[in-house]
Amino acid sequence: MLEVKNLHKSFGTNEVLKGIDFQIDKGEVVAIIGPSGSGKTTLLRCISFLEKVDAGEITFGELHHDMAHITQREIRRIRFDMAFVFQSFNLFRNMTALGNVMEGLVTARKVHREDARKTALEMLRKVGMEDRAMYYPDQLSGGQQQRVAIARAIAQNPQVILFDEPTSALDPELTEEVLDVMRTLAKEGTTMAVVTHEMRFAMDVASRVVFMEGGVVVEEGPSKRVFLEPKEERTRQFLRRAYDAE
Amino acid sequence: MSERIIEILVSSFTQILIPGIKVTIPLTLASFALSFLLGMVLAIVQVANIRGLKWFARFYIWVFRGTPLLVQLFIIFFGLPRLGIILDAFPAAVLAFGMNLGAYNAEVFRSAIVAIPQGQTEAAQMIGLNYPQTLVRVVLPQAFPIAFPSLFNNLISLLKDTSLASSITVIELFTTAQQIAARTYEPFALYCEAAVIYLAFSTLLTWLQTWLEKKLVWKTKEKYLVAEEQA
């Protein structure tokens, strides 16, 4: 459903993505793992055009584009069916939780206010934040903010949701409430690509795992297989260290 | 203090106060409104990176911040008629003050907009907002409270700078004080009286600022709710 090919991205002279191929099918949950600086986050940001790509192609549903020469209009069309959950939540600080979830519906999608409100409340209920609907982001804990951010993402009814280290900015005790919401979404068949350091979550929830290092995909496959019988020595080393850390 | 001076001060008080209310304050508010709009536009074309306009904005700010306000006032009132543009004193003053302060307000708005984290814009774009929508719905509402104290600071400066309009024949607070001082030969008393009236006006503005700043904090009400709930 979503496929990028031969993706290249440099920051100055530092080549962060060295020809990545990545794809995700409908209903799949793909975990992207790897050490810091391996390009995982940059990959997600390139797919969503938050970073300008040097070279690459994207196929998304019916749409096909050269990623380096894409117009702002085409980017908006792609984003219409794509949602992004940020490491730092990025809730609009001038709006309540409810306002955050309604904003895209009302302003971008021209949904009637009352309908948008209903949808937004439903989404907040889904992430267990309905009783905090009228709270502003800085009155919520990190975990609560991230759940609202997830509600904002699913309210757009996207084809795919990209999660960029959604629990990395959270205290350990707040991580589970966010992962629980994501597990629920996965069970419902939501298509998700998740950059994560939560190995247990990746193993349990992801259908497929992509291991990246140094701007290339080192290994990928069904999550059980990658976690239990990694083929590459680098994957094995990384997983051993990750387990030790946990 | 002699009885004569007290008499002059009392009789001149309303004579100075009335042009203060009728001219100085409208002049201040009209000029500020112009500088606010101009500053907003000059800031947005810079952050939106609109080629040509961005260059124009930098040039404009360079010129208007780099030359004296009094000289700008003279160019507009005494100079422009040479080019066939003849303005009355009051609109000329509004134009000069507005265009001058616009350059300063542009920098205030620009720095406030730049202070909004990139993540806010990215989140807005990912839920489908275009650039103007992102500005209006997300960036400017957050930038305005940041800009507010500096804008108000500029407003208070402007109130006092409007006394320069006396030099282009606008009959405002200070012009009136000058006229009475010339007539009575009591410059010390009259100019001190004018200063006191300016001080009263700017004190009112300072109170207004404090009051508005409280109103501007968008989460105040809910903060109390949470505090109550936790208590």
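Which helices of chain A and chain B each supply at least two residues of the lining of the largest pocket? Point 3 takes this up. Keep in mind throughout that the model is predicted.

1. **Where the chains meet.** Start with the interface. On one side, 24 residues of chain B take part, and they contact 28 residues of chain A. Together the two chains bury about 2400 Å². Carbon and sulfur atoms account for 55% of that area.

2. **Links across the interface.** The rule finds 2 salt bridges between chain B and chain A. B:Arg137 forms a salt bridge with A:Glu103. In that pair, the closest N and O atoms are 2.7 Å apart. Polar contacts also cross the interface, in 10 residue pairs. Now look at the side of chain B that touches chain A. Helix H5 (118-126), helix H6 (131-161) and helix H9 (220-230) of chain B each supply at least two of its residues. The largest share, 7 residues, comes from H5(B). By class, this side has 11 nonpolar, 7 polar and 6 charged residues.

3. **The largest pocket.** Its volume is about 690 Å³. The lining has 27 residues, and those closest to the centre are A:Gln72, B:Gln118, B:Thr121, B:Gln125 and B:Tyr131. Here is the reply to the opening question: helix H2 (72-79) of chain A, with helix H4 (89-114), H5 and H6 of chain B, each supply at least two lining residues. The lining divides into 16 nonpolar, 7 polar and 4 charged residues.

4. **The second largest pocket.** This one holds about 240 Å³ of space. It is lined by 14 residues. Closest to its centre are A:Ile154, A:Asn157, A:Pro158, A:Thr190 and A:Thr191. The classes here are 6 nonpolar, 5 polar and 3 charged.

5. **The cavity.** The rule counts 1 cavity of 30 Å³ or more. The largest cavity has a volume of about 50 Å³. Chain A lines it with A:Ala83, A:Phe84, A:Phe86, A:Ala149, A:Arg152 and A:Ala153. Chain B lines it with B:Ala123, B:Met126 and B:Ile127. Strand E6 (82-85) and helix H5 (142-155) of chain A, together with H5 of chain B, give two or more residues each. H5(A) gives the most, with 3 residues. By class, the cavity lining has 8 nonpolar residues, no polar ones and 1 charged.

6. **One helix to follow.** Trace H5 of chain B through the model. It supplies 7 residues to the side that touches chain A. It helps line the largest pocket. It also gives two or more residues to the lining of the largest cavity.

Terms used: Residues are numbered from 1 along each chain as its sequence is written. Chains are lettered from A and ligands numbered from 1 in the order in which they are written. This is a predicted model: local features need pLDDT of at least 70, side-chain atom pairs count only at pLDDT 80 or more; totals for chains, interfaces and linings use all residues. Side-chain values use heavy atoms; hydrogens and water are left out. Contact means heavy atoms within 4.5 Å. Buried area is the accessible area (1.4 Å probe) that two parts lose on being put together, summed over both. A salt bridge is a side-chain nitrogen of Lys or Arg within 4 Å of a carboxyl oxygen of Asp or Glu. A polar contact is a pair of N or O atoms within 3.5 Å; within protein, one must be able to donate a hydrogen and the other to accept it, and residues adjacent in sequence count only if both atoms are side-chain atoms. Helices (H or I, at least four residues) and strands (E, at least two) are DSSP runs, numbered from the N terminus. Ala, Val, Leu, Ile, Met, Phe, Trp, Tyr, Cys and Pro count as nonpolar, Asp, Glu, Lys and Arg as charged, and the others, Gly among them, as polar. On a 1 Å grid over the protein atoms alone, a cavity is a set of points where a 1.4 Å probe fits but cannot get out, and a pocket is an open set with protein on both sides within 12 Å along at least five of seven lines; lining residues have an atom within 4 Å of a point. Grid points are joined across faces, edges and corners, and a volume is the space filled by probe spheres set on the points.
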